Amino acid sequence: MQSIFLALKRRFFVERRDSSEVQTSNDLMHKKGQTIVLVDEEESQLPETMEQAELVNCSEMTKIYYPSRNDPEAVEIYYSDMDCLAPGAFLSSTVMNFYIRHLQQRTSSTGGGQCDYHFFNTYFYKKLKEAVSNKKGDRGTFFIKFRRWWRGVNIFQKAYVILPIHEDLHWSLVIICIPDKHDKSGPIILHLDSLGLHFSRSIIDKVKSFLIEEWNHLSQGTAPPDDLPISDQIWNNLPRRIDEEIITVPQQKNDYDCGIFVLYFMERFIEDAPERLERENLAMTRNPMSEKVSTRLVQSGNHFHRKKLLSG
């Protein structure tokens with residue numbers, strides 16, 4: 001939790017780079033409803049006492065765009081959105097999307113994650129459910145519009161697709177893994193739930209339907225798309241070669257930490273995942289993962305300030 005709070009706080013106080021985009025610090029302390037435009041850069045060098053003083057004087061309507069106003073996937077954040085970082089509060093979609101975008105920036109930056117990821121935001125799953133639940137006759141038409149969510153991206157070329165799930169006031173996580181050709185495996189859908197509240201079968205079936213619909217769309221040509229990491233044999237029979245795995249993960253000790261757990265699982269997966277998942281990697285996660293991640297969650301109390309909550 002602390003890392004999210006600090007990341008947000010620092011981005012409310014970046015140095016001015018363009019006077020046409022960012023107001024002066026004096027304006028920040030007196031004007032309401034102002035917009036602050038950010039760039040993703042190293043943390044500000046403002047003295048801590050100055051940061052604290054300006055933080056108190058921030059208007060609840062102060063707004064930032066992360067990573068920048070010009071980014072088509074920028075997350076719009078109001079200062080008041082940080083209220084959900086208080087102890088015992090549920091993380092909002094805005095804050096979840098901010099940190100997901102932060103992780104996306106890290107994986108795409110120089111020296112970042114070694115894997116090829118695609119991140120969906122927290123609003124995607126609702127649209128996915130609408131797309132796959134449409135009547136068969138209307139599904140194709142709806143799916144054409146739905147594909148705007150990943151325009152220009154071939155999902156099956158990615159190593160991992162990160163998909164946060166929000167249902168019934170609870171967060172869980174789906175990770176779609178695309179193994180390499182030599183593994184002779186189709187896509188693998190992982191579901192991680194720190195409360196066991198979501199019905200994994202229903203979620204996995206919807207994600208599987210999404211993959212099959214996208215496969216149908218891409219298979220309309222006479223040949224498989226170029227540069228697929230999937231072998232032709234697997235690709236031609238892909239609807240029958242999608243596997244799934246419900247991953248055993250640490251369980252939260254309350255009813256409000258689910259968002260924190262999802263972000264933590266994302267971050268640790270990005271740090272630890274191989275370039276492309278292989279089936280033998282799954283065997284390693286079935287039993288040891290719970291103990292491994294539990295230890296890290298407890299040992300990283302400074303990371304999310306959740307050590308006391310995790311220990312009961």
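This passage describes selected strands, a helix and several buried residues in a predicted model.

Strand 2 spans residues 63–66, and K63 lies within it. The relative accessibility of K63 is 13%. K63 therefore counts as buried, since the cut-off is under 20%. The side chain of K63 forms a polar contact with the side chain of Y65, at 3.4 Å. K63 can also be placed relative to Y79. The two residues are 16 residues apart along the chain. Their C-alpha atoms are separated by 6.2 Å.

Strand 5 covers residues 160–167. This strand is mostly covered, with 6 of its 8 residues buried. Strand 5 pairs with two other strands, strand 4 and strand 6. Strand 4 comprises residues 117–119. Its pairing with strand 5 is parallel and runs over 3 bridges. In this pairing, H118 stands opposite V161 of strand 5.

Strand 6 comprises residues 170–177. Here the sense is antiparallel, and strand 5 and strand 6 are joined over 8 bridges. Y160 faces C177 of strand 6 across this pairing, the two standing opposite each other. Strand 5 and strand 6 form a hairpin with 2 residues between the strands. Within that hairpin, D168 adopts a positive phi near 50°. At the other end of the residue range of strand 6, C177 has a relative accessibility of 0%. C177 is thus classed as buried, as the value falls under 20%.

Helix 9 runs over residues 258–272 and contains 15 residues. From its first C-alpha to its last, helix 9 reaches 21 Å. This span is close to the 21 Å expected at 1.5 Å a residue. Of the 15 residues in helix 9, 12 are buried, so the helix is largely enclosed by the rest of the structure. The buried set includes the run C258, G259, I260, F261, V262, L263, Y264, F265, M266 and E267. F269 and I270 are also buried. C258 has a relative accessible area of 1% and therefore counts as buried.

Cysteine pairing was examined over the whole structure. The search finds 0 disulfides. C177 and C258 are both buried, yet neither takes part in a disulfide in this model.

Terms used:
Residues are numbered from 1 along each chain as its sequence is written. This is a predicted model: local features need pLDDT of at least 70, side-chain atom pairs count only at pLDDT 80 or more; totals for chains, interfaces and linings use all residues. Side-chain values use heavy atoms; hydrogens and water are left out. Helices (H or I, at least four residues) and strands (E, at least two) are DSSP runs, numbered from the N terminus. Buried means under 20% relative accessible area, exposed over 50%, partly exposed in between (1.4 Å probe, protein chains only). A polar contact is a pair of N or O atoms within 3.5 Å; within protein, one must be able to donate a hydrogen and the other to accept it, and residues adjacent in sequence count only if both atoms are side-chain atoms. Two strands pair if DSSP finds at least two bridges between them. The expected span of a helix is 1.5 Å times one less than its number of residues. A disulfide is a pair of cysteine sulfur atoms within 2.5 Å.
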